[in-house]
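Colleague: I would like to learn how to read helix packing and salt bridges in a model. Can we go through an example together?

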Amino acid sequence: MDKHAILIIAVAALVTIAIRFIPFLFLGKGKKTPAFLTELSALLPPAVMGMLVIYCLKGTSFNAPANWVPVLVSAAVTVGLHLWRRKTLLSILGGTIVYMLLVNLIFV
Amino acid sequence: MAGYLALGAGFGIVLQSKGYGVLYALAMSLFIYAGSMQFVAVNLITGGASLITAALTTLMVNARHLLYGISMANRYSETGKVKPYLIFALTDETYSIVVSDEKMERKDFLTVSLLDHLYWVAGSVIGSLIGGLIPWDFKGVDFALTALFLTVFTEQVLNTKDYLPAVIGVAASVISLLIFGADDFLIPAMILISLSLMVLNLLRRRARHG
């Protein structure tokens with residue numbers, strides 16, 4: 001029993017739950033949702049997803065090939081596979097396998 | 001949804017490789033239920049981070065869930081007894097499914113939420129067991145998260161004619177990244193994105209109403 005680990009998990013869970021529930025305390029039917037908030041939240045999804053992509057790529061640096069080649073190649077494979085087949089699982093698996101091959105066999 | 005099976009397995013494997021087994025995978029995937037945050041949490045656990053650090057990091061990494069809630073507040077408002085679970089289960093993947101289909105109703109929300117959660121937990125447990133059986137650190141398996149976000153993003157861009165929000169999201173994030181650095185750019189990025197989209201919306205409203 002790793003007490004520290006359990007505490008970290010508990011903290012992460014509680015903060016996440018709080019974040020997820022807060023909007024529902026203030027918004028929803030019966031409460032007036034400002035029009036701008038509705039319109040804004042229609043624009044948000046692709047913007048947030050773009051942000052998350054950058055978040056995942058944030059550790060990339062160009063000072064050594066190992067720090068950017070595997071990531072960018074695998075990202076290209078992921079997007080390319082998806083444009084080709086539009087199958088989520090294939091795109092994720094393909095990109096991940098390529099990445100693992102690159103970082104385990106070539107850019108060790 | 002099946003992407004969660006693969007990603008969950010990736011998480012289970014990574015967690016196992018750091019010495020934390022099935023019960024931890026089960027607990028994290030049941031109660032935190034946030035892919036990227038769970039990966040980050042592995043680092044927090046192995047790095048001996050303080051609880052304050054854990055709380056602030058969770059806030060930053062998961063702040064986007066505020067936006068999901070804002071987005072779905074109306075459509076989730078009359079879901080009755082299952083509403084707390086639906087809110088709890090509003091993850092990236094579930095959100096990307098429910099937000100794009102205007103025709104979804106309560107039973108659909110529940111089905112998607114439950115299945116995503118199930119796939120995630122199952123994947124985590126399976127990955128944890130696999131990781132325990134195979135003496136290899138599966139280096140690079142956490143790329144699955146990057147791949148997931150890239151895939152969802154690509155799908156969004158393909159399904160729309162309005163490219164500006166996507167462009168704004170990427171541009172604002174890169175700018176924030178360059179200014180604030182990898183560790184601190186998320187909150188500035190979210191602020192910049194929100195402001196930019198508000199301005200965009202304002203300009204479009206003016207254009208519409210003449």
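Colleague: Is the crossing of helix 1 of chain A and helix 4 of chain B left-handed or right-handed?

Modeller: Keep in mind that this is a predicted model. Handedness depends on which way the near helix is turned from the far one, and clockwise counts as right-handed. Here the crossing of helix 1 of chain A with helix 4 of chain B is right-handed. The two helices, residues 3–26 of chain A and residues 51–62 of chain B, pack at an angle of about 35°. Their axes are 9 Å apart.

Colleague: Which residues make the contact between these two helices?

Modeller: From helix 1 of chain A, the contact uses A:Leu7, A:Ile8, A:Val11, A:Ala12, A:Val15, A:Thr16 and A:Ile19. Helix 4 of chain B contributes B:Leu51, B:Ala54, B:Ala55, B:Thr58, B:Leu59 and B:Asn62.

Colleague: How many of the residues in that contact are nonpolar, polar and charged?

Modeller: The contact of helix 1 of chain A with helix 4 of chain B has 10 nonpolar residues, three polar ones and no charged ones.

Colleague: Now the salt bridges. How many are there over all chains?

Modeller: A pair counts when a side-chain nitrogen of Lys or Arg is within 4 Å of a carboxyl oxygen of Asp or Glu. By this rule there are four over all chains. One of them pairs A:Arg86 with B:Glu155, at 2.9 Å from N to O.

Colleague: Why does the pair of A:Arg86 and B:Glu155 join two chains?

Modeller: A:Arg86 sits in the loop between helix 3 (69–85) and helix 4 (88–106) of chain A, while B:Glu155 belongs to helix 9 (residues 143–158) of chain B, so the pair joins two chains. A:Arg86 is partly exposed, at 37% relative accessible area. B:Glu155 is partly exposed too, with 24%.

Colleague: Which residues do shared salt-bridge partners join into one network?

Modeller: Look for a residue that appears in two pairs. B:Lys107 meets B:Glu105 in a salt bridge of 3.8 Å, N to O. B:Lys107 also forms a salt bridge with B:Asp108, where the closest N and O atoms are 3.9 Å apart. Through shared partners, B:Glu105, B:Lys107 and B:Asp108 form one network.

Colleague: Is B:Lys107 buried or exposed?

Modeller: B:Lys107 has 54% relative accessibility and counts as exposed, because the cut-off is over 50%. B:Glu105, at 46%, is partly exposed, and B:Asp108 is partly exposed at 25%.

Key. Residues numbered from 1 in each chain as written. Chains lettered and ligands numbered in written order. Predicted model: local features only at pLDDT ≥ 70, side-chain atom pairs only at ≥ 80, totals over all residues. Heavy atoms only, no water. Axes fitted to C-alpha atoms, helices over the stretch in contact; angles between N-to-C directions. Helix = DSSP H or I, 4+ residues; strand = E, 2+ residues; numbered from the N terminus. Contact = heavy atoms within 4.5 Å. Nonpolar A, V, L, I, M, F, W, Y, C, P; charged D, E, K, R; others polar. Buried < 20%, exposed > 50% of the residue type's maximum accessible area, 1.4 Å probe, protein only.
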